[in-house]
Amino acid sequence: MELLEERKCRLALVVDDEPFIRVLVREVLEQSGYQVCEAENGEQALERFAEYRPDIVLMDIVMPGMDGFTAASKLRGLVGGSRVPILVMTGLDDNESIAKAYEQGATDFITKPFNPMILDHRVRYLLRSTRMLDALLKSEARLGIAQRIAKIGNWEWRPDTNQFAASAELCRLMGIRQQDFSSTFDGYIQRVHAEDRTQVEEALKGLLINQVPCVLDHRLVLPNGGSISVNLQAELILDDQMKALSVIGTTQDISDRKQSEREIHRLAYYDSLTGLPNRVLFKDRVEQALLHGRRYRTTLALLFLDLDRFKVINDTLGHNVGDLLLKSVADRLAESVRHSDSICRSVDKGENHSLARLGGDEFTVLLTNLQDAQDAGKVARRIVESLQKSFLIEGREIFVTVSVGIAIFPVDGESVDALLKNADSAMYHAKEQGRNNFQFYSNSLNATANERLVLEGELRHAVDREEFVVYYQPQIDLKTGAIIGAEALVRWQHPKRGLIHPGEFLPAAVDTGLSRTIDEWVLKTACRHIQAWQQRGKMPVRISINISNSLFHGNTLLSVVEKSLRQTGLTPACLELELTESIAMRNVEASIIMLTALKSMGVQLSIDDFGTGYSSLSYLQRLPIDTVKIDQSFIHEILTETHPAPIVRAIIAMAHSLDLLVLAEGVEQEAQRVLLLAQGCDQAQGYLFGQPMPADIFAQSLPAVSLRKAG
């Protein structure tokens, strides 16, 4: 796109005091399609240039009056004269004259007498070069304007020298002058917000390895202490040998966009009157809490609140007073729920409560990780009592009460809609009971409590009657596919209910203090099974046994392990004890002492469900463990990630750096096995290789070896 209309033919100004030379040059140029104007000396040349603005000047050096040197120098100061090509025509061929011509502004020179063809080509070359330079300068000018409008700066990083060239617009975005920038990679990184610095540095340095374009948002800190949000995009430039040459990138100010996104998010997910989460955000939080609850088998409660007789207040005193009352109620509810932290915690670590306004005078509260479902009643009672105090709205004392309905997950529903519906029903039941109170949904809590009492009683008898059995789930070597061990899993063979899985009775066992007894029984039984299989000529394998918190931090584990090994004669290396991160980290120093004692016996040690706790790597490397087991939640998600499960890859790399084996739990698909093998995982277990099975069936799957070899 041309911004200015150009003349159809190029115009050349020929400056020479000899008419013959001017005529000769005119004929050469006109035959090539150029227009020509003439000047006899330097003064006249300047006048002609100012009048016609020629595209090129052909100038003699030795002329009466103003010579070519002076004319060239003065021409450069005229409007439009800074970039016009000046071809010096001279009979002087000494180096000093040529050098002086260049110093005074000449672009090129040709000696007299000249060849007409060479003159023609020299003029064409100079005009083409000037045209390309003009186009480049126009393009750069347009780019600069576009970048200023778009608030986008560009940069280039040379990893070999660490040089970082920032454009003028980028320096403007950073709030500094271009000459004040250090022109190093570290100089740019230091201007990145401290919380984003590691991410940016790792992304750009990772680009050198992955060779994949990098796109990320981060913040830049301005000299005044403020910050802007920017979008960084970068690509790697390779040389002919496919080695990294430089990184080219852009940094664009997206502060306005980020602010708009925050405002859109607020409008979409928060109530405009009270500032509380709205129905959409609340349902999303409940969904996340349900996922957490199903995964960790925790109890949740959903409270549905409705203000009593609010419509009367709203209609009598007006909507303005009603709105102010709702805001005050929201503040008091938030304060009331916040004091429930000792009872429950929100799944969202950033908040201490999950309170929302569904609309009108309806509010909801989500309580997570409840120790007891009855604790929800404590929170509801606190809410009811807090709203009984009067509100002062525009000089008026207003009283309002609340009716609360409570639904418990999972007994009263396993979905958001079911819990809301049942909590709503319980709230209407509270209104029927006279308002200003709370009610649980139906009588499920009473029924559950009674059933729990029965289960606990039967559990105590189950220990005495030895109704428990041990199932074994195979563990395989990913490289060979061979069975190398199994995990021992307890089941309750109930005389009436049939086979009961641990998720149904272990919580009751923990509450009744029976978990340690059950763990000890499983450990002794597994040791007997392993030794019996070896005596029948089966290949020795490693059996993993889960250790509960009460057994690990109790005072009987060492003696139970020592006695079981001694009585059965089992090789200690065939026994592996598993404990979770949370158990190991509960008392790190005590855990190290216990694990060291166990390790001295020769047994294997592993960390179960790795990646779900909050281990400190400084402590982890001090634990004398042999294996880490990747939690099955990561394995289930490994095929849904955009990139091959970075968390799994990181766990494997970290474990191997500490000389630990890695076992993946919950492998159910062939694609998962292939990906884990490619990532360097050592071992695996899951339904792909076998479900938990009785001891005799598992023993049949073990290959036979000679007793001499087994020994």
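**Close-up 1. Helix α2 and what covers its buried residues.** In this predicted model, the cover over the buried residues of α2 includes strands β1 (11–15), β2 (35–39) and β3 (56–60), along with helix α3 (68–75). Within α2 itself, which spans residues 42–52, the buried residues are Gly-42, Ala-45, Leu-46 and Phe-49. Looking down the axis of α2, you will find these buried residues within an arc of 100°, so they line one face of the helix. A helix has 3.6 residues a turn, so residues three or four places apart point the same way. Turn to the other side of α2 and you meet Glu-47 and Glu-51, which are exposed.

**Close-up 2. The two ends of helix α2.** At the N-terminal end, Asn-41 acts as the cap of α2, with a side-chain oxygen 3.2 Å from the backbone nitrogen of Glu-43. After the helix comes Arg-53, which has a positive phi, near 50°.

**Close-up 3. Helix α25 and its surroundings.** Here the helix runs over residues 670–678, and its buried residues are Gln-672, Leu-675 and Leu-676. Seen down the axis of α25, they fall within an arc of 100°, so they line one face of the helix. Among the elements that cover them are α23 (632–637), α24 (646–657) and β25 (661–664). Just after α25, look for Gly-680, whose phi is positive, at about 95°.

**Close-up 4. The largest nonpolar core.** This core has 78 residues, and the ones touching the most other members are Tyr-472, Ile-543 and Ile-545. Helix α17 (residues 515–535) is the biggest contributor, giving 7 residues to the core. Such grouping is a general tendency: in soluble globular proteins, nonpolar side chains tend to be buried together. To explore the setting of Ile-545, set aside its neighbours within four places in sequence; its contacts are then Ala-488, Val-522, Leu-523, Ala-526, Leu-575, Glu-576, Leu-577 and Glu-578. Apart from this core lies another, of 37 residues, including Ala-330, Leu-367, Ala-376 and Val-384.

**Close-up 5. Aromatic pairs that link distant parts of the chain.** The structure contains 13 aromatic pairs, and two of them are shown here. In the pair of Phe-164 and Phe-185, the ring centres are 6.4 Å apart and the planes are at 55°, a tilted arrangement. Phe-164 belongs to strand β7 (residues 163–166) and Phe-185 to helix α7 (residues 185–189), so this pair joins parts of the chain 21 residues apart. Both Phe-164 and Phe-185 are buried. Tyr-472 and Trp-533 have ring centres 5.1 Å apart and planes at 75°, so they make an edge-to-face pair. This second pair links strand β18 (residues 468–477), home of Tyr-472, with helix α17, home of Trp-533, across 61 residues. Tyr-472 and Trp-533 are both buried.

**Close-up 6. A cluster of rings.** Follow the ring pairs from one residue to another and you can trace a cluster of Trp-155, Trp-157, Phe-164, Phe-181, Phe-185 and Tyr-188.

**Close-up 7. Cysteines without a disulfide.** How many disulfides does a search of the whole structure find? The search finds 0. For Cys-214, the nearest cysteine sulfur belongs to Cys-171 and is 20 Å away. Cys-214 is buried, with a relative accessible area of 9%. Cys-527 is in no disulfide either, and its nearest cysteine sulfur, that of Cys-574, is 9.6 Å away. Cys-527 also counts as buried, at 0% relative accessibility.

Technical notes: Residues are numbered from 1 along each chain as its sequence is written. This is a predicted model: local features need pLDDT of at least 70, side-chain atom pairs count only at pLDDT 80 or more; totals for chains, interfaces and linings use all residues. Side-chain values use heavy atoms; hydrogens and water are left out. Buried means under 20% relative accessible area, exposed over 50%, partly exposed in between (1.4 Å probe, protein chains only). Helices (H or I, at least four residues) and strands (E, at least two) are DSSP runs, numbered from the N terminus. The arc is that of the directions from the helix axis to the C-beta atoms. Contact means heavy atoms within 4.5 Å. A nonpolar core is a set of buried Ala, Val, Leu, Ile, Met, Phe, Trp, Tyr and Cys residues joined through side-chain atoms within 4.5 Å. A disulfide is a pair of cysteine sulfur atoms within 2.5 Å. A polar contact is a pair of N or O atoms within 3.5 Å; within protein, one must be able to donate a hydrogen and the other to accept it, and residues adjacent in sequence count only if both atoms are side-chain atoms. Rings of Phe, Tyr and Trp (its six-membered ring) pair if their centres lie within 6.5 Å; planes under 30 degrees apart count as stacked, over 60 as edge-to-face and the rest as tilted.
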